[in-house]
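This report looks at one helix and its surroundings, and then at how two domains meet. Please keep the sequence and the model in view while reading.

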Amino acid sequence: MEGFLGAVLLKTGVLNLQVKHVIMWAIGFTFIYLAIKKDYEPLLLLPIGFAIFAVNLPLTGLMEKEPKGLLYIFYHYGLEWEVVPPLIFLGLGAMTDFGPLIANPKTLLLGAAAQFGVYISFFGALLLGFTIPEACSIGIIGGADGPTTIYTTVHLAPHLLGATAISAYSYMSLVPIIQPPVMKLLTTQKERKIIMRQLRPVSRTEKILFPIAVTLVSCLLVPAAAPLMVMFMLGNLFRESGVVKRLSDAAQNELMNIVTIFLGISVGATMSADRFLRPQSLMVFGLGLVAFIFSTAGGVLFAKFMNLFLKEKINPLIGSAGVSAVPMAARVSQKLGAEADPKNFLLMHAMGPNVAGVIGTLMAAGFFISLAH
Amino acid sequence: MWKEALRIFGIGFPGVFLTLALLCLSVYALSALVRLWEKK
């Protein structure tokens with residue numbers, strides 16, 4: 001009888017439970033708490049948190065390669081096969097209005113300048129002993145774009161996926177806390193009061209031709225960014241064409257919701273105790289914060305640099321929106337502008353660099369993948 | 001390793017700027033053409 005009970009117990013997870021598993025449960029529960037109580041990126045942190053808890057239940061084999069565990073199947077076909085991030089971009093494209101960017105195309109340069117933190121963090125990671133592919137995956141966190149971070153990490157350093165993805169999404173939700181001190185430090189009150197002229201209306205034809213032109217130029221120059229860029233612009237063409245409302249709605253809602261579930265589960269599933277409980281994970285979080293700060297600074301400082309040559313000055317506060325994190329970063333620009341002068345309405349002006357930041361991060365990721373692979 | 005890192009930075013960061021600058025010019029050109037066409 002004793003032998004039988006012993007054999008049964010050995011087959012349960014109870015006897016195989018270790019402290020490291022319990023620590024990971026605590027991390028998973030923290031994400032669930034932050035999602036429910038604090039509303040921090042709940043669409044992702046909730047499934048990620050639960051998947052962390054589930055994958056750290058001993059002997060479940062959820063992330064086993066052979067025989068294939070359920071979460072491994074999601075991860076393998078969703079992320080390793082590069083299916084989920086491009087589908088997320090299809091939905092993002094269908095949700096994005098490029099009107100403010102088309103009305104003021106020079107704000108595209110702010111989206112490029114705000115990639116500064118990506119490269120600062122890249123060098124920081126190398127100094128801390130990470131390899132080049134790992135440093136690229138960590139650096140791209142500074143682009144403040146979750147799906148691009150995931151896509152780059154799966155390509156270059158899949159073992160860091162949990163840490164980079166969590167870092168990107170955590171800091172994206174903390175944009176209203178991270179950015180304002182940097183923006184205030186780098187601008188004067190006079191600069192923050194600059195009022196920008198209302199944007200011109202953009203015609204439907206311009207909006208329809210925009211995704212085609214962007215796909216052509218960007219994919220010819222940076223072919224490695226094509227999977228994400230093509231889907232991003234296709235989604236936008238669905239939206240702007242006005243003739244496939246059903247497809248546009250499906251991409252924005254049903255499809256987006258479905259792939260978000262798979263994205264969250266797959267990312268959380270990579271966070272087993274053995275992979276995540278390492279000093280490197282803490283370093284990734286630290287470097288991610290550095291990347292965000294320097295990207296914000298890059299955007300603001302470049303806006304000030306542009307003002308040296310522009311007759312009609314731009315408010316440097318919109319430069320920080322170049323870090324992507326749509327539309328949170330644009331809202332931060334609006335808030336700080338209105339604090340300086342209640343008549344200042346920067347939201348639409350900041351949406352230009354904000355969506356340019358998404359394109360800029362895609363380009364940075366494309367260069368990383370093609371140069372470091 | 002540092003030589004490789006500098007190569008990635010030296011191509012990547014200016015590359016991002018160049019790509020977005022070209023996109024900027026393309027959008028200006030596109031808008032100008034569309035507005036010209038719409039006027040006719």
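## Terms and source

Two residues are taken to be in contact if their C-beta atoms, placed from the backbone, lie within 7 Å. The model is predicted, and local features need pLDDT of at least 70, side-chain atom pairs count only at pLDDT 80 or more, while totals for chains, interfaces and linings use all residues. Residues are numbered from 1 along each chain as its sequence is written, and chains are lettered from A and ligands numbered from 1 in the order in which they are written.

## Helix α14 of chain A

Helices (DSSP runs of H or I, at least four residues) are numbered from the N terminus. The buried residues of α14(A) pack against α6 (99-103), α15 (226-241) and α21 (347-372) of chain A, together with α1 (2-39) of chain B. Among these buried residues (20 or more other C-beta atoms within 10 Å of their own) are A:Leu209, A:Phe210, A:Pro211 and A:Val214.

At A:Phe210, α14(A) bends by about 30°, the bend being the angle between axes fitted to the seven residues ending there and the seven starting there; a proline, A:Pro211, follows within four residues.

## Two domains of chain A

The domain assignment, automatic or from a database, divides chain A into domain 1 (1-62) and domain 2 (71-372). Their contact takes 18 residues from domain 1 of chain A and 18 residues from domain 2 of chain A.

On the side of domain 1 of chain A that touches domain 2 of chain A, α3(A) gives the most, with 10 residues.

Key
Helix = DSSP H or I, 4+ residues; strand = E, 2+ residues; numbered from the N terminus. Buried ≥ 20, exposed ≤ 12 C-beta atoms within 10 Å, placed from the backbone.
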